[in-house]
Amino acid sequence: MKSKQEPFKRKLSLIDVTFIGLGAMIGSSWMFAPQTAVQLAGPAALLSWVIAAIALGMLALVYAELGGALPSAGGFIRYPNYSHGDLVGFIISCMSFITYSVSASLEVVAIRTYLSAWWPSLGSHNPTVLGWLIQLFLLITFFLINYWSVNVFGKINSVVTIIKFAVPVLTIIVLLNYFTPSNFYVDGFLTNGFGGVESAIATAGIAYAFIGFQQTINFSAEAKNPGRTIPIATMLSIGLAGLLYFLLQFAYIGAIPGHLLENGWAGLSLGSPFADLTALLGLMWLMNLLMADAILSPGGAANVGFGATARIIYAWAKNKTFFKIFTNVDEKTGVPRVALWFTFILAVFWTLPFPSWEALVSVAASSAIMAFITGPISAAAFRITAPDLHRPFKLKGFAVIAPIAFIISSFIIYWSGWKTISWLFAFELFLFVAYIVVWKGKRKSQTILRKQMKTASWLVFYNVSMFILSWLGTFGGNGWILAPWDQIFVALLSVVTYYWGAKSAMPNPVFDTDHVHIVDKSDLSVSNRTT
């Protein structure tokens, strides 16, 4: 059976898609995360950036294979639905929905926070009413940019990304002139041990800084030659962002005046970290430039976040576990405008009741990593159930890289601590139960429900096990399982879950994108599965 293609316009070039990923990663994190990270880990925060870049880079490689083979708007929440069915797809869609809907709000909060240095009546940590109205104005602006067309969105984002990449590069160069090597020995390099390095990855905005790579996947349905464009753009964007963040952290640590470290790195507290630092160094011209970029950098990320959230909502509706109205796409512009309106409403909601950047980034990062971990399992499942799937980019070393990516992602979740994990996994288990209750309430086929519960069994096992390990472990738990045994158990749990998840996939995945070739094992014939 043949179907029409997804109603999106393939207008985004390799540069456009690369800058979409890079633009999403160079947002508010570069202005806040280096200080938050060094408070937790001391100078060893440098290691946090390296580990996070490698971990998310491995995860990105797996998703690059998926994005090239299955270019689909909002692909992140389509893949688990393709491989494991509606129940797993529904749970992951909900987690992704939280992450994406927060992103634009998080960035406008960052803009307002930095602007408060110029305009104190906006509120620094938490906004005033005037500060919230400024945030609302910014959200309306990004909504309109996305509303016009994907081509306008792509070109504007490319220009903005070039500019906002240049400002942190200039900041690095200037701050290196004030470099003080002795800063790297204040409280010792590993100030809080390796646990501080791990905590910084999960809670300081470091993991969040890199999850923007997902946007290259989410716009794959609108990319020219996605089989080539998506893998290259994904790795280019995460590589450039990783290098930039490492150098920013290095320069920030080296340039801090000694008198600010009298109480150690944990006592360092600058409201607008880089802007305040440059002011202390007498670099007023750079401070003013940073204040201007404080609008541009998170603004560009918010612009990408707006478009991506709309496509996630579209993808969720295409999975048939969300309202069908959100599958509507404007024929002229190729923009899912109904989903975009809903995105705008959500973005406004997340700025209530006037949250801080730190509060929002904790929500976004935790739910994002939980949603991402299904990627390696879906990709492994397709290697078994869809061996003839055309993969323009086929990841070499997949058998090693994919399980390691899953294990490291599990570590990042575990490092976020019991306080975060307790609500995260409790919420997922609630979604699992709610889906079953609603299904039975509608008196749908119990046979189908049992099959869905079987393909979701690994996810339930993973949630319950991680919940218990976190409660017993050393990251906010009661410490009954001491380090490093707690993380050894997390690794073992991840290995079991990875292979269980891959084996429990549907034997015949049902794709709804064009020209997807798989072997139909019921009759050993090659078929096209489309909507």
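# Exercises on a predicted model

Val338 sits in helix H14, which covers residues 337-350. Keep in mind that you're looking at a predicted model. Let's start with that valine.

**Exercise 1.** Work out whether Val338 is buried or exposed or in between, and find which residues it touches beyond its sequence neighbours.

*Solution.*
- Step 1: Take the relative accessible area of Val338, which is 28%. Buried would need under 20% and exposed over 50%, so Val338 is partly exposed.
- Step 2: Set aside the neighbours within four places in sequence; Val338 is then in contact with Ile325, Phe326 and Asn328.
- Step 3: Now try Thr327. Val338 and Thr327 are 11 residues apart in sequence, and their C-alpha atoms are 8.1 Å apart in space.

**Exercise 2.** Find what Glu65 pairs with in salt bridges, and say which parts of the chain those pairs tie together.

*Solution.*
- Step 1: Count the salt bridges in the structure: there are two.
- Step 2: Look at Glu65 and Arg383, whose closest N and O atoms are 2.8 Å apart, within the 4 Å that a salt bridge allows. Glu65 belongs to helix H3 and Arg383 to helix H16 (residues 374-385), so this pair ties together parts 318 residues apart in sequence.
- Step 3: Move on to Arg391, which meets Glu65 in a salt bridge at 3.4 Å, N to O. Arg391 is in the loop between H16 and helix H17 (398-415), while Glu65 is in helix H3, so parts 326 residues apart in sequence are tied together.
- Step 4: Put the pieces together: Glu65, Arg383 and Arg391 are linked in a network of salt bridges.
- Step 5: Check the cover. Glu65 is buried at 3% relative accessibility, and Arg391 is buried too, at 11%. Arg383 comes out as partly exposed, at 25%.
- Step 6: Arg383 has another partner to spot: it lies over the face of Phe398, at 4.2 Å from the ring centre.

**Exercise 3.** Decide how the rings of Trp49 and Tyr245 are arranged, then do likewise for Phe179 and Phe250.

*Solution.*
- Step 1: Know what to look for: a pair of aromatic rings is described by the distance of the centres and the angle of the planes. The structure holds 21 aromatic pairs.
- Step 2: For Trp49 and Tyr245, the centres are 4.7 Å apart and the planes are at 5 degrees, so the pair is stacked.
- Step 3: Place the two rings. Trp49 is in helix H3 (residues 45-69) and Tyr245 in helix H11 (residues 226-255), so the pair ties together parts 196 residues apart in sequence. Trp49 is buried at 1% relative accessibility, and Tyr245 is buried at 0%.
- Step 4: Phe179 and Phe250 are stacked as well, with 5.0 Å centre to centre and 20 degrees between the planes. Phe179 is in the loop between helix H7 (150-175) and helix H8 (193-203), and Phe250 is in helix H11, so parts 71 residues apart in sequence are tied together.
- Step 5: Compare with the cut-offs for cover: Phe179 is partly exposed at 29%, and Phe250 is partly exposed at 28%.

**Exercise 4.** Name the residues that make a nonpolar surface patch together with Leu47.

*Solution.*
- Step 1: Locate Leu47 in helix H3. At 33% relative accessibility, Leu47 is partly exposed.
- Step 2: Add Phe189, Leu190 and Phe194, which make up a patch of about 340 Å² with Leu47.

Note on methods:
Residues numbered from 1 in each chain as written. Predicted model: local features only at pLDDT ≥ 70, side-chain atom pairs only at ≥ 80, totals over all residues. Heavy atoms only, no water. Phe/Tyr/Trp six-rings, centres within 6.5 Å; stacked < 30°, edge-to-face > 60°. Helix = DSSP H or I, 4+ residues; strand = E, 2+ residues; numbered from the N terminus. Buried < 20%, exposed > 50% of the residue type's maximum accessible area, 1.4 Å probe, protein only. Lys NZ or Arg CZ within 6 Å of the ring centre and 35° of its normal. Patch = residues over 30% accessible without salt bridge, like charges linked within 9 Å, V, L, I, M, F, W, Y side chains within 5 Å. Areas by Shrake-Rupley, 256 points an atom, 1.4 Å probe, with all protein chains shown as cover. Salt bridge = Lys/Arg side-chain N within 4 Å of Asp/Glu carboxyl O. Contact = heavy atoms within 4.5 Å.
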